Amino acid sequence: MKEMEWVIQTFQYMGRLWEIRAEKMGNEKPGHVAYAVKETDRWNRWAGIAKAEFAKVTGMKVFPNVK
């Protein structure tokens, strides 16, 4: 179970990291901001997919929230 939580936490961390990068860029480089927003979405989606797949594997209806 710890390994599953670690994977989710990594995906969530990377999502937050890209979100911060997008915020710091402001309006100076719209292409860079768009890429950072896309990466934020990608990592957050992977976290959601991992939670759903781990719930299936463990037989839970919903995988517990991971901080």
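The buried residues of helix α2 pack against helix α1, where burial denotes a relative accessible area under 20%, exposure one over 50%, and partial exposure the range in between (1.4 Å probe, protein chains only). In α2 the buried set consists of V33, A36, E39, T40, W43, A47, A50, K51, F54 and A55. On the opposing element, α1, the buried residues are M4, I8, F11, G15, W18 and A22, and their cover includes α2 (30-58). An α-helix has 3.6 residues a turn, so residues three or four places apart point the same way.

The model is predicted, and local features require pLDDT of at least 70, side-chain atom pairs count only at pLDDT 80 or more, and totals for chains, interfaces and linings use all residues. Residues are numbered from 1 along each chain as its sequence is written, and side-chain values use heavy atoms, with hydrogens and water left out.

The chain contains 2 helices and 0 strands, assigned as DSSP runs numbered from the N terminus (helices, H or I, at least four residues; strands, E, at least two). Its radius of gyration is 14 Å, well over the 11 Å that the globule rule gives for 67 residues, so the chain is more spread out than a compact globule. That radius is taken over C-alpha atoms, and the rule is 2.2 Å times the number of residues to the power 0.38. Along the principal axes, the C-alpha atoms fill a box of roughly 45 × 15 × 15 Å.

Helix α1 spans residues 2-25; its 24 residues reach 35 Å from first C-alpha to last, close to the 34 Å expected at 1.5 Å a residue. The expected span is 1.5 Å times one less than the number of residues in the helix. Helix α2, with 29 residues, reaches 42 Å between its first and last C-alpha atoms, close to an expected 42 Å. Each helix is followed by a glycine with positive phi: G26 after α1, near 60 degrees, and G59 just after α2, at about 80 degrees.

Individual positions on α1 illustrate the pairing of the helices. A22, which lies in α1, is buried, with a relative accessible area of 12%. Leaving aside neighbours within four places in sequence, A22 is in contact (heavy atoms within 4.5 Å) with V33, A36 and V37. The C-alpha atoms of A22 and H32, 10 residues apart along the chain, are separated by 7.6 Å. Y13, also placed in helix α1, is exposed, with a relative accessible area of 54%. Y13 and N44 are 31 residues apart in sequence and 9.0 Å apart in space, C-alpha to C-alpha. E3, found in helix α1, is exposed as well, at a relative accessible area of 59%. Between E3 and K51, 48 residues apart along the chain, the C-alpha separation is 12 Å.

Over the chain, buried residues make up 27% of the 67 residues. Among contacts between residues at least 6 apart in sequence, 62% join residues at least 24 apart. The chain exposes about 5100 Å², of which carbon and sulfur atoms supply 60%; accessible areas come from the Shrake-Rupley method with a 1.4 Å probe, and for residues only the protein chains shown count as cover. There are 12 positive and 8 negative side chains, and the centres of the two sets lie 2 Å apart. Lys and Arg count as positive and Asp and Glu as negative, with His and the chain ends not counted; the charge is placed at NZ of Lys, CZ of Arg, CG of Asp or CD of Glu.
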